[in-house]
Amino acid sequence: MLLTWTATVEQAAYGIAVAVAVAVVLSPLGPVARPWRLVRPRRFARLAAMGITSLARILSANLGLARRVWSPSLPLRTGMLVVPTDLRTDGPVTVVGLLGSLVVEYQLVDLEPGRLQYHAVWVASEDPSEARERINGRVEDLLRPFDQEASRD
């Protein structure tokens, strides 16, 4: 419907049939998170805060990198940073890695249990706790309740 910009009964029926078929085929794989769980006020507020925080970091990093590109006299101090993480479940760690990689200053290279490794455009400090606060601390703090909830399940 989005590709053709037309809405017909046949397209809607076909879409519903495919959705039901996929649900039936995937249902034996186990329980899934219900989509309406996102509507809970606390959860929605945390997700909104995470989105706003990430968007602000992305915009700031893009402006900073553009400034460095347009001003060749500004030095680069690239390097690899190993950043500790308190998150233990796959979902929150994945979110931290993906959102962190959207910021052009830091690109996720590798992850190990309890640690994330980033390639950084500007390494201000090699101290892991300072790097954690700068790179993924705020997002991790917002994700901690999701991590604890997932580890209980």
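Start with everything on screen: of the 153 residues in the protein, 25% are buried. Keep in mind that this is a predicted model.

**Stop 1: the whole chain**

Switch to a cartoon and colour by secondary structure. You should be able to pick out four helices and three strands. Walking from the N terminus, the elements come in the order α-α-β-α-β-β-α. The radius of gyration is 20 Å, well over the 15 Å that the globule rule gives for 153 residues, so the protein is more spread out than a compact globule. If you want a box around the C-alpha trace, its spans along the principal axes are about 60 × 40 × 30 Å.

Now put a surface on. The accessible area totals about 10600 Å², and carbon and sulfur atoms own 66% of that. Colour by charge next: there are 17 positive and 15 negative side chains. The centres of those two sets sit 5 Å apart.

A contact map is worth a glance too. Among contacts with a separation of 6 or more, 69% are between residues 24 or more positions apart.

**Stop 2: Gly15**

Select residues 9–26, which form helix H1, and find Gly15 in that helix. Is Gly15 buried or exposed? Neither label quite fits: Gly15 is partly exposed, at a relative accessible area of 37%. While you're here, draw a distance from Gly15 to Gly100, C-alpha to C-alpha. The pair is 85 residues apart along the chain, and the line should read 34 Å.

**Stop 3: Asn136 in helix H4**

Jump to residues 128–152, helix H4, and centre on Asn136. With a relative accessible area of 1%, Asn136 is buried. What does Asn136 touch, leaving out residues up to four places away in sequence? Show Val83, Val96, Leu116, Tyr118 and Ala131 as sticks, and you have the answer.

**Stop 4: the charged network**

How many salt bridges does a search of the whole structure find? The count is six. For the linked set, select Asp86, Arg132, Glu133, Glu140, Asp141 and Arg144, which are joined in a network of salt bridges.

Take Arg132 as your way in. Its side chain meets that of Glu133 at 2.8 Å, N to O. Arg132 also has a salt bridge to Asp141, this one at 3.5 Å. Arg132 itself is buried, with 9% relative accessible area; Asp141, on the other hand, is partly exposed at 32%.

Follow Asp141 onward and you reach Arg144, where the side chains form another salt bridge at 3.1 Å, N to O. Look down the helix here: Asp141 and Arg144 are three residues apart in helix H4, so about one helical turn separates them. Arg144 is partly exposed, with a relative accessible area of 24%.

**Last view**

To finish, keep Asn136 and the network on screen together. Asn136 belongs to helix H4 and is buried at 1%, while Asp141 and Arg144 share that helix and are partly exposed, at 32% and 24%. Arg132 makes salt bridges with Glu133 and with Asp141, and Asp141 carries the chain of links on to Arg144.

Note on methods: Residues are numbered from 1 along each chain as its sequence is written. This is a predicted model: local features need pLDDT of at least 70, side-chain atom pairs count only at pLDDT 80 or more; totals for chains, interfaces and linings use all residues. Side-chain values use heavy atoms; hydrogens and water are left out. Helices (H or I, at least four residues) and strands (E, at least two) are DSSP runs, numbered from the N terminus. Buried means under 20% relative accessible area, exposed over 50%, partly exposed in between (1.4 Å probe, protein chains only). Contact means heavy atoms within 4.5 Å. A salt bridge is a side-chain nitrogen of Lys or Arg within 4 Å of a carboxyl oxygen of Asp or Glu. The radius of gyration is taken over C-alpha atoms; the globule rule is 2.2 Å times the number of residues to the power 0.38. Accessible areas come from the Shrake-Rupley method with a 1.4 Å probe; for residues, only the protein chains shown count as cover. Lys and Arg count as positive and Asp and Glu as negative; His and the chain ends are not counted. The place of a charge is taken as NZ of Lys, CZ of Arg, CG of Asp or CD of Glu.
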